[in-house]
Amino acid sequence: MVLVLAIGDLHIPHRAPDLPPKFKSMLVPGKIQHIICTGNLCIKEVHDYFKSLCPDLHVTRGECDEDSRYPENKTLTIGQFKLGICHGHQVIPWGDLDSLAMLQRQLDVDILVTGHTHQFKAYKHEGGVVINPGSATGAYSSFTYDVNPSFVLMDIDGLRVVVYVYELIDGEVKVDKIDFKKTSTTRSAH
Amino acid sequence: MMINEAEDEEKWLAEGIAGIQHNAFYMHRALDSNNLREALKYSAQMLSELRTSKLSPHKYYDLYMRAFDELRKLEIFFKDEGKHGVSVVDLYELVQHAGNILPRLYLLCTVGSVYIKSKEAPAKEVLKDLVEMCHAVQHPLRGLFVRSYLAQISRDKLPDIGSEYEGDDGTVMDAVEFVLQNFTEMNKLWVRMQHQGPGRVREKQEKERNELRDLVGKNLHVLSQIEGVDLEMYKETVLPRVLEQVVNCKDDLSQYYLMDCIIQVFPDEYHLQTLETLLGACPQLQPTVDIKTVLSRLMDRLSNYAASSADVLPEFLQVEAFGKLSNAIGKVIETQVDMPAVGAITLYVSLLTFTLRVHPDRLDYVDLVLGACVKKLSNIPKLDDSRATKQVVALLSAPLEKYNDIVTALTLSNYPRVMDHLDNGTNKVMAMVIIQSIMKNNTCISTADKLDEDDFKDEQNSVARLIHMLYNNEPEEMLKIICTVRKHTMAGGPKRLPFTVPSLVFSALRLVRQLQGQEGDIVGEEVPATPKKIFQLLTQIIEDLSTVPSPELALRLSLQCAEAANDGDLEHVAYEFFTQAFVLYEEEIADSKAQVTAIHLIVGTLQRMNVFGVENRDTLTHKATGYSARLLKKPDQCRAVYACSHLFWVDDQDGVKDGERVLLCLKRALRIANAAQQMANVARGSSGPVTLFVEILNKYLYFFEKGNQQITGAAIQGLIELINTEKQSDSATPDSASDAFLASTMRYIQFQRQKGGIMGEKFESIKL
């Protein structure tokens with residue numbers, strides 16, 4: 001069992017002051033093996049905070065990030081899965097699943113983690129799974145008036161990944177889970 | 001009934017007074033004629049009036065005072081052996097023959113006073129004798145007063161150090177012992193007063209009982225005045241014995257009063273050194289005791305002590321005062337779950353004041369206190385108690401006043417969290433307090449000399465966060481807040497703007513959304529806060545950035561505003577923001593990487609716009625495509641151009657679907673990709689990877705699926721063949737990434753073919 005935190009679009013301090021306290025109390029150091037961050041932290045303080053939760057931190061560049069040296073996209077292998085990260089402002093139309101599927105094919109990954117829209121999505125298509133962890137702070141987004149703070153925790157176990165999405169709705173943390181399985185014969189997840 | 005009772009009491013008091021006066025008259029006669037026997041007889045009779053049970057404490061006190069005055073005269077007579085001829089030793093024996101116990105005791109005490117002064121017996125022995133004999137009166141009210149009498153007359157006769165009674169006649173220890181004993185017995189009597197009478201009567205009794213508390217408390221005062229009671233004795237004897245009685249009496253009225261008494265009466269240095277003992281008693285008290293007030297007063301005293309001189313501060317550190325106090329408070333709040341919010345917060349305000357006085361440099365302590373407050377506040381829904389919110393404002397204002405610097409206060413991580421718990425009205429109050437603080441210290445901020453780079457950043461980020469906390473439900477008020485903050489951030493100079501402007505902009509955009517939600521005619525007065533007005537303000541705010549300059553940030557913000565204007569159906573406003581963005585791009589963004597991002601944002605935003613009419617849309621699209629094709633690096637050009645293809649195809653039902661122009665874009669992208677290959681051939685001797693072609697292929701497939709008639713299966717086939725040719729050419733460089741990409745693309749095509757139905761048929765037309 002490998003826990004991967006997928007989180008992003010915090011926009012601290014420009015659009016939000018901090019992570020919601022209920023999230024902060026859930027995110028404790030030592031429990032998570034990898035952190036995947038879609039970008040738009042925006043400041044070093046947030047980077048350091050994530051680093052304190054887990055030393056294996058992967059960040060891709062969002063358009064508002066203070067540090068422009070983050071890569072545009074990144075791939076990594078965790079267990080049996082190949083993961084790709086990209087903030088998503090580079091993929092036009094924004095939030096378009098077919099265009100994201102193209103990126104997924106290009107990066108040749110089972111799971112593509114992307115952000116920018118501040119809307120949680122977990123979508124399965126022929127080529128794999130696209131996950132958008134939303135905005136962890138519920139930051140302002142031009143996509144929707146109603147941004148609930150959210151993040152995703154993936155539990156990777158062999159050929160199976162369970163995606164837990166944590167959303168803060170009306171002050172309460174709600175959890176949902178989705179199962180994805182990958183067959184070993186094909187190279188993509190179903 | 002009550003009136004009758006009061007009338008009756010007046011009557012009895014009058015009778016009692018009359019009785020005293022009557023007997024006093026005869027007593028005076030006896031004194032004048034040196035007649036001891038008669039004096040004793042009439043004084044005893046006079047004192048019998050104090051045997052009454054009919055009077056309330058207040059009235060009894062009246063009676064007592066009259067008797068007291070008369071006893072002074074008697075004492076003078078007793079002292080003068082020449083007048084009555086009886087030695088004080090014999091006198092002491094003689095008065096014990098008085099018939100009733102109460103008069104007997106009063107007379108005994110009076111003689112005792114003379115006895116001690118005469119030094120014919122050790123002070124300690126007389127005192128011991130008297131304090132034990134008083135035991136005989138167990139009636140609470142009468143007992144209390146007779147012991148009070150004892151305390152009064154013994155006050156100046158205690159064998160304190162440096163007093164004339166010290167030595168073999170007694171030591172400080174004896175004095176202390178005497179007072180402690182009297183105190184203990186008096187408290188017991190006082191506590192017993194509550195057990196009489198039912199219900200409403202009891203309420204009245206409680207009130208009356210309360211009036212007597214100073215009689216008990218006086219003993220503690222006496223203890224504090226005894227010279228010989230040094231810290232050692234206080235620590236070893238006095239405090240433990242007093243606390244023992246306080247805890248054991250198990251009476252909330254007494255406990256509250258006495259704890260407070262201890263705190264007020266004994267010196268602050270003593271409290272510091274006995275903090276643990278004192279605080280340790282708190283959990284042992286009755287749960288109904290208002291311990292939080294007691295603790296608050298203790299902390300207030302200690303705070304004042306700390307403020308009195310810098311020399312005392314090390315002592316605080318040495319005894320670990322902060323730790324002990326915050327633990328004690330934590331325990332109290334934990335155990336008293338029903339404590340109302342205002343109580344807990346008052347405690348934290350006291351602790352915070354203490355912390356700011358004693359440990360101003362320990363921001364972590366301050367933050368701890370705020371954190372504990374947050375924890376308590378989290379357990380209750382939004383505060384609606386005005387006193388509680390007043391306290392929270394006090395809590396939040398304290399660091400501001402202390403540090404005289406809004407930014408330091410904001411580095412306290414729990415500061416914003418406390419604010420989260422404020423209701424909107426209080427948030428407004430708080431916002432004003434903070435803004436005033438900024439105003440007050442603005443001169444300090446702008447004249448600040450070389451600030452450390454990182455520190456400066458941290459500070460400004462804190463200010464940025466603060467801005468999000470300034471929130472008001474009323475749009476006009478919110479707009480005022482935004483304008484005020486802007487004014488002050490502007491005054492802070494250009495260096496600060498990149499940090500603070502974004503927060504302001506998003507606050508304003510949120511306000512716009514709020515107003516859009518409040519659609520509908522507003523009857524009556526003019527409503528100054530309208531989206532249009534706010535967009536005007538936004539334009540100005542973004543223009544402020546030109547002083548920095550910060551074009552990339554300004555561009556991003558302009559595009560956000562454009563989208564917001566789009567949502568509000570304000571075509572011209574949206575167009576203006578796009579114009580602003582383009583100007584920034586053309587004139588100020590030179591870095592090639594920044595240009596790529598800027599183009600992505602412009603094209604991505606434009607693609608989502610639905611407010612533009614054909615002309616405006618065309619103008620903007622044309623510009624966007626043009627700039628895309630002129631990016632520095634060919635691959636970037638290629639990608640930007642094919643991204644522009646989406647400008648001509650919007651998937652919702654009213655969206656533009658111009659198949660031809662889509663294809664034109666894709667073909668242009670293809671030409672650029674070709675050119676890139678040729679350039680690579682020339683420059684490096686081998687062509688680059690076919691990735692770009694595969695990307696374009698994917699775009700072809702995208703629009704093919706969406707039903708763009710201009711894109712045929714044949715065209716796609718052609719593109720696939722082109723790619724394969726390129727791959728197999730002599731100058732090709734093998735590249736696994738692009739191979740994998742092509743392979744997955746081909747898999748996708750297969751997948752679609754196998755779908756069957758319309759989609760399957762469509763994809764069948766692609767011959768592989």
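A good place to start is A:Lys182, which forms a salt bridge with A:Asp110, their closest N and O atoms lying 2.9 Å apart; a salt bridge here is a side-chain nitrogen of Lys or Arg within 4 Å of a carboxyl oxygen of Asp or Glu. This pair joins distant parts of the chain, 72 residues apart. The model is predicted, so local features need pLDDT of at least 70 and side-chain atom pairs count only at pLDDT 80 or more, while totals for chains, interfaces and linings use all residues. Residues are numbered from 1 along each chain as its sequence is written, chains are lettered from A in the order in which they are written, and side-chain values use heavy atoms, leaving out hydrogens and water.

**The A:Lys182 pair**
- A:Lys182 sits in the segment after strand S11 (172–181) of chain A, and A:Asp110 in the loop between helix H3 (97–107) and strand S6 (111–114); helices (H or I, at least four residues) and strands (E, at least two) are DSSP runs, numbered from the N terminus.
- A:Lys182 is buried at 11% relative accessibility, and A:Asp110 is buried at 2% (buried means under 20% relative accessible area, exposed over 50%, partly exposed in between, with a 1.4 Å probe and protein chains only).

**Other pairs**
- A:Asp18 and A:Lys24 meet at 3.2 Å, N to O; A:Asp18 is partly exposed at 23%, as is A:Lys24 at 26%.
- B:Glu70 bridges to B:Lys73 at 3.4 Å, and the two are about one helical turn apart because they are three residues apart in helix H3 (residues 57–79) of chain B.
- B:Glu70 is buried at 12%, whereas B:Lys73 is partly exposed at 38%.

**Network and total**
- A:Asp98, B:Asp651 and B:Lys706 are linked in a network of salt bridges.
- Over all chains, the count is 32 salt bridges.
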